[in-house]
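Trainee: Could we go through a model together and check the reasoning behind each label?
Mentor: Gladly, here it is.

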Amino acid sequence: MSITIPKNVRQMGEPEEKRKIYVEDYVVTYLKQYAKEEILESRGAILLGDAQEQNGIPYLFIRSALGLEENAEAEGTIAFTEELWMRVYEEMEQYFPGQEILGWFLSTPGFPPEISYEILSSHRNCFSGWDKVLFMEDPMEGEEAFFAMEQGSLIRQQGYFVFYERNQPMQQYMLEKRGGKSVDAREEFTDRAARSFRSMVQERKEQSSQKRVMTFLYGVSTFLVLVVLVIGITMINNYEKMEQVELALTNLTENLESQQGMGQDAQDVGHIEAYKNQGLPATEATGEETDGEASQTGVEEDSSGAGDSVQEAGGASGSGTEGAPGESQDAQGGAEEAGNAPAEAQGDADSAESTPTEDTGEHQTVAPAREASGSYIVQKGDTLLSISRKIYGNDRYMKEICQLNNIDDINMIYEGEKILLP
């Protein structure tokens, strides 16, 4: 079934898409005048017309309004008694035959249109159904609104339509109720109401926009506060972690320095023990002056070493055995001059070399001035003087170290270099 929409229509507010409400202009004019007749009292009326439905959307065409003589009770609503309903049906038959009830009107002077428990109860009891609405108005402020049942509650509608037609039944009813007074002023009254409604809707839109802006700003502010708190907590935690890392690094550095010091001491002790094992007297390793005892020990070791050398030389050549004792005496004298020389150095000095003679071709044993008794790896900061002092406990072997290693400049030694010791 197609619905005929009035041609001359004015939109009031933002009508809902799920419900279309059309009110004839004479009805709006009458209700506003009717509410102002008792400006200090609430008044009610019955809304009449016809309802249609298309594509699941209800269309309500309110063509008439029937005023109730009774004022609202203390609870702010109308007492719909049986007597009241009987009079309503009688006037409907008299003035508006064929029309049906589409809802009711209620004026609330000094109060904005709001739904109370009493108003909701009255609507449920007397105007239940998808095609029933409530029209409320504050005649002092000019604020008005339609309400419709949705999910068991009266929900405010954002707007409606005002349409114009020759509404003879409503004009006749208004003339009789107003005692024959003209209703030509309806257009001016309706325009003023429309302007008031538009300004009210615009004001509410502005208030809603301001609320959205304030809500957004509040949310942004809350987010920024949370960000600042998170950053602060993170910085505090990082600062504590940095302190812990710094403390750990300090402890590690101290441990490394301590271990390096202990390692250097152990290396020095190792060098001393190594040269002790090569035959150095303990007193020489510690730097104590015991030249007499060292000399005596050196003489004894040289004697035994000389005997061994003599025997070896005798095995190599029969004529070499006679010169061995003399060489042994020379080695002993060298040991007495050195005082602190190692026993192995003395023994090596006594070993003879066999060289062929020009006349006979026989080998003759010749003892070198000094042979190496050991070696030493130059450490950082070492000099020939410090090496002589470290190994022998005195300065007397520096020259012999130079001669043994063919060193012309006593300062020309390098870290890691291996030198021979006398």
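The talk below goes through labels in this predicted model.

Trainee: How many helices and strands does the chain have?
Mentor: The chain has 11 helices and 13 strands. Of its 422 residues, 39% count as buried.

Trainee: What makes Tyr-22 and Phe-61 a stacked pair?
Mentor: Start with the total, which is 18 aromatic pairs. In this one the ring centres are 5.1 Å apart, and the limit for pairing is 6.5 Å. The planes stand at 20°, and under 30 degrees counts as stacked, so the pair of Tyr-22 and Phe-61 is stacked.

Trainee: Where in the chain do the two partners lie?
Mentor: Tyr-22 is in strand S2 (residues 20–24) and Phe-61 in strand S4 (residues 57–71). They are 39 residues apart, and the pair links distant parts of the chain.

Trainee: Why is Tyr-22 called buried?
Mentor: Its relative accessible area is 6%, and buried means under 20%, so Tyr-22 is buried. Phe-61, at 1%, counts as buried because of that cut-off too.

Trainee: How do you know which label fits the rings of Trp-104 and Phe-127?
Mentor: Their centres are 5.5 Å apart, with the planes at 5°. The cut-offs are 6.5 Å for pairing and 30 degrees for stacking, so this pair is stacked. Trp-104 belongs to strand S5 (residues 100–107), while Phe-127 sits in the loop between helix H3 (117–126) and strand S6 (133–138), so the pair ties together parts 23 residues apart in sequence. Both Trp-104 and Phe-127 are buried.

Trainee: Which residues form one aromatic cluster?
Mentor: Tyr-30, Tyr-34, Tyr-95, Phe-96 and Tyr-173 do.

Trainee: Why is Val-213 called partly exposed?
Mentor: Its relative accessible area is 43%. Partly exposed lies between 20% and 50%, so the label fits Val-213. This residue lies in helix H5 (residues 186–277). A nonpolar surface patch is formed by Val-213, Met-214, Phe-216, Leu-217, Val-220, Phe-223 and Leu-224, with about 710 Å² of accessible area together.

Trainee: What about the cysteines, and how many disulfides are found?
Mentor: A search of the whole structure gives zero disulfides. Cys-126 has 29% relative accessibility, which is between 20% and 50%, so Cys-126 counts as partly exposed. Cys-402 has 10%, and under 20% means buried, so Cys-402 counts as buried.

Conventions:
Residues numbered from 1 in each chain as written. Predicted model: local features only at pLDDT ≥ 70, side-chain atom pairs only at ≥ 80, totals over all residues. Heavy atoms only, no water. Patch = residues over 30% accessible without salt bridge, like charges linked within 9 Å, V, L, I, M, F, W, Y side chains within 5 Å. Areas by Shrake-Rupley, 256 points an atom, 1.4 Å probe, with all protein chains shown as cover. Salt bridge = Lys/Arg side-chain N within 4 Å of Asp/Glu carboxyl O. Helix = DSSP H or I, 4+ residues; strand = E, 2+ residues; numbered from the N terminus. Buried < 20%, exposed > 50% of the residue type's maximum accessible area, 1.4 Å probe, protein only. Phe/Tyr/Trp six-rings, centres within 6.5 Å; stacked < 30°, edge-to-face > 60°. Disulfide = S-S within 2.5 Å.
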